[in-house]
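Please open the model in a viewer and keep the sequence panel at hand. The tour proceeds from the whole chain to single residues.

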Amino acid sequence: MREQRNGRGFERASRAREFHVFVAGAGGRLLHVATLLTAETRSRNPYAQALLTAVLARTFAVWDGLHDDDPYDLARRDLAARFARGAWRYHRGRGGVLSALTPQERLVVVLRLYEGVDEEQVAALLGLSGARVRAVCARAVAALREAARRDSGAAA
């Protein structure tokens, strides 16, 4: 009986270590993704931190059930879904690089261009057609170019 308890305790501690290694390796990138989505700055990103905390809590809760699944992919999908559900909170940019974009545009740009997720996967994740994802991405890139053009014109 004691061996079983020690065995389970060892197994639980091993899984917890695996999760900590995952967070140490992927946490920074996931925080950057969350910061881009919430359009906050790197130095001031409380909404992104709260979003990431919720995602990591859920990832830890299902950690034992992940066998051949990619934990980063799971966390990124959860991050995107949580952001999409609460996007009304992040409508106004807070000075971040993507603050000129709407929440949907930020989500598409971050997933497609920053994370390199396939168009079909983004469409499935957001419940949009592939053509709609392409249109949103093109509109967002145009808006970013225009914002950059305005910023460079104002600086000159």
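What is the accessible surface of the chain, and how much of it belongs to carbon and sulfur atoms? In this predicted model, the accessible surface comes to about 9,500 Å², and carbon and sulfur atoms hold 53% of that area.

**The whole chain**

Begin with a cartoon view of the entire chain. Its secondary structure consists of six helices and zero strands, so that the order from the N terminus reads α-α-α-α-α-α. The chain has 156 residues, 36% of which count as buried. Among contacts with a separation of 6 or more, 62% join residues 24 or more positions apart.

**The nonpolar core**

Next, select Phe22, Leu30, Leu37 and Leu79 and show their side chains. These residues have the most contacts inside the largest nonpolar core, a set of 36 residues. At least two residues of this core come from each of H1 (2–38), H2 (46–61), H3 (71–85), H4 (103–114), H5 (119–126) and H6 (130–155). Helix H1 gives the most, with eight residues. In soluble globular proteins, nonpolar side chains tend to be buried together.

Now centre the view on Leu30. Which residues does Leu30 contact, leaving aside its neighbours within four places in sequence? They are Phe22, Leu52, Leu56, Tyr72, Ala75, Arg76 and Leu79.

**Helix H2**

Two of those partners, Leu52 and Leu56, are also among the buried residues of H2, so select this helix next. The full buried group in H2 is Ala48, Leu51, Leu52, Val55, Leu56 and Thr59. Why do these residues lie on the same side of H2? Around the axis they cover an arc of only 130°, and this places them on the same side of the helix. An α-helix has 3.6 residues a turn, so residues three or four places apart point the same way. Turn the view to the face away from the buried side of H2 to find the exposed residues Thr53 and Ala61.

The length of H2 may be checked as well. At 1.5 Å a residue, its 16 residues should span 22 Å; the end C-alpha atoms lie 23 Å apart, which agrees.

**Thr35**

Finally, return to helix H1 and select Thr35. Is Thr35 buried or exposed? Thr35 counts as buried because its relative accessibility is 6%, under the 20% limit. Its side chain reaches the backbone oxygen of Leu31 at 2.8 Å. Beyond its neighbours within four places in sequence, Thr35 is in contact with Glu40, Thr41, Arg42, Asn45 and Ala48. The last of these, Ala48, is one of the buried residues of H2.

Terms used: Residues numbered from 1 in each chain as written. Predicted model: local features only at pLDDT ≥ 70, side-chain atom pairs only at ≥ 80, totals over all residues. Heavy atoms only, no water. Helix = DSSP H or I, 4+ residues; strand = E, 2+ residues; numbered from the N terminus. Buried < 20%, exposed > 50% of the residue type's maximum accessible area, 1.4 Å probe, protein only. Contact = heavy atoms within 4.5 Å. Areas by Shrake-Rupley, 256 points an atom, 1.4 Å probe, with all protein chains shown as cover. Core = buried A, V, L, I, M, F, W, Y, C linked by side-chain atoms within 4.5 Å. Expected span 1.5 Å × (residues − 1). Arc of directions from axis to C-beta. Polar contact = N/O pair within 3.5 Å; in protein donor to acceptor, adjacent residues only side chain to side chain.
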